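Please open the structure in your viewer, with a cartoon display ready and the residue selection panel at hand.

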Amino acid sequence: MEPGRPAVRAAGALKPATRARLAQALVLIALALLLAWLARNTLANMAARGIQAGWDFIGDAAGFDIGEAPIAFDAGQSYGRAFLVGVLNTLRVALAGIATATLLGGAIGLARLSRNALLSRLAGLYVELFRNVPLLVQLLLWYLLLVEYLPDPGEPLRLGSWLLLSKGGLSLPWPDEGGWSLPQPGPFAVEGGATLTPEFVALWGGLSLYTAAFIAEVVRGGVLAVPRGQTEAALSIGLSRAQVLRRVVLPQALRVIVPPLANQYLNLTKNSSLAVAIGYPDVVSIANTALNQTGRALECISLIMAVYLCTSLLTAALMHALDRRAAIRER
């Protein structure tokens, strides 16, 4: 071939893009065949051992009650509805934990950057303490404090004007017909309002405090990633430090903060599966109960995996959209 002359593709040779697609197709076919082989052998082994398989049990009566259900449920209703209750309980605590951990983690992350030495060191102590103690230990600790050391529901602690905390849980105002229903101490229990159970409060608080320690470091790293010259330039034109943080630093830091923040949201949602340790009826707890009663281990575990896979993919998609929006605003 003469120097400088482009190479001529041999007759019948595939383009690089075509070869790449062909290789991907072959990998997918091989993976599908492997999964089919594994499924066939698993079902054959289960049948040989007399282990039932299938999803027909979903319509059967569950035969157990659920202590905390966001929708109506009783023991005569189906396993399918019981799983739905578990999924809703998982989403409820995950969304509440994400909101609280974001606010608390953001505040602590900014506090670590404060020029006040005491505030900065206290924020650093919080991060090191909660980040290095296993989450399961923290959940058990908060649950023990709630059910053992708080006063009885008849004599609750007051947190502000309308929040009551006792062994019965956290009572708070709730909308009712014609206005708001306010919790008030009764002779034996808190009356009025809505009450979050000790299991929910312990799980919510534990997940929030634990994840907030990691979010604080994400926020701190994102703020430090903004060039110092940006802050100095904003201060030189007369902006206050609060205005600099809100209008200059945070909009630029978001592009650094959002991707690792998505990982923390995913971790919080998956960590909610530890609810079984303190008796909160999330999807894992209800699936375990259904597994013990029906023996359908493969189906129950598959359902748990599907729930967490779907929630993780949805969270990742939403955070990706937020990341793109933050990047567009920065440009």
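The tour below goes from the whole chain to a few paired strands.

This is a predicted model, in which local features need pLDDT of at least 70 and side-chain atom pairs count only at pLDDT 80 or more, while totals for chains, interfaces and linings use all residues. Residues are numbered from 1 along each chain as its sequence is written, and side-chain values use heavy atoms, with hydrogens and water left out.

Begin with the whole protein chain, whose C-alpha trace spans about 100 × 75 × 40 Å along its principal axes. Its radius of gyration is 27 Å, whereas a compact globule of 331 residues would have a value near 20 Å (taken over C-alpha atoms, with the globule rule being 2.2 Å times the number of residues to the power 0.38). If you colour by accessibility, 33% of the 331 residues count as buried, that is, under 20% relative accessible area with a 1.4 Å probe and protein chains only.

Next, switch to secondary structure: the protein chain has nine helices and eight strands, which are DSSP runs numbered from the N terminus, helices being H or I with at least four residues and strands E with at least two.

Now select residues 163-166 and 169-172, which are strand 2 and strand 3, paired in the antiparallel sense over three bridges (pairing requires at least two DSSP bridges between two strands). The two strands form a hairpin with two residues between them, and Leu165 stands opposite Leu170 in strand 3.

Finally, add residues 194-196: this is strand 8, which pairs with strand 3 in the antiparallel sense over three bridges, and here Ser171 stands opposite Thr195.

Notes
Buried < 20%, exposed > 50% of the residue type's maximum accessible area, 1.4 Å probe, protein only.
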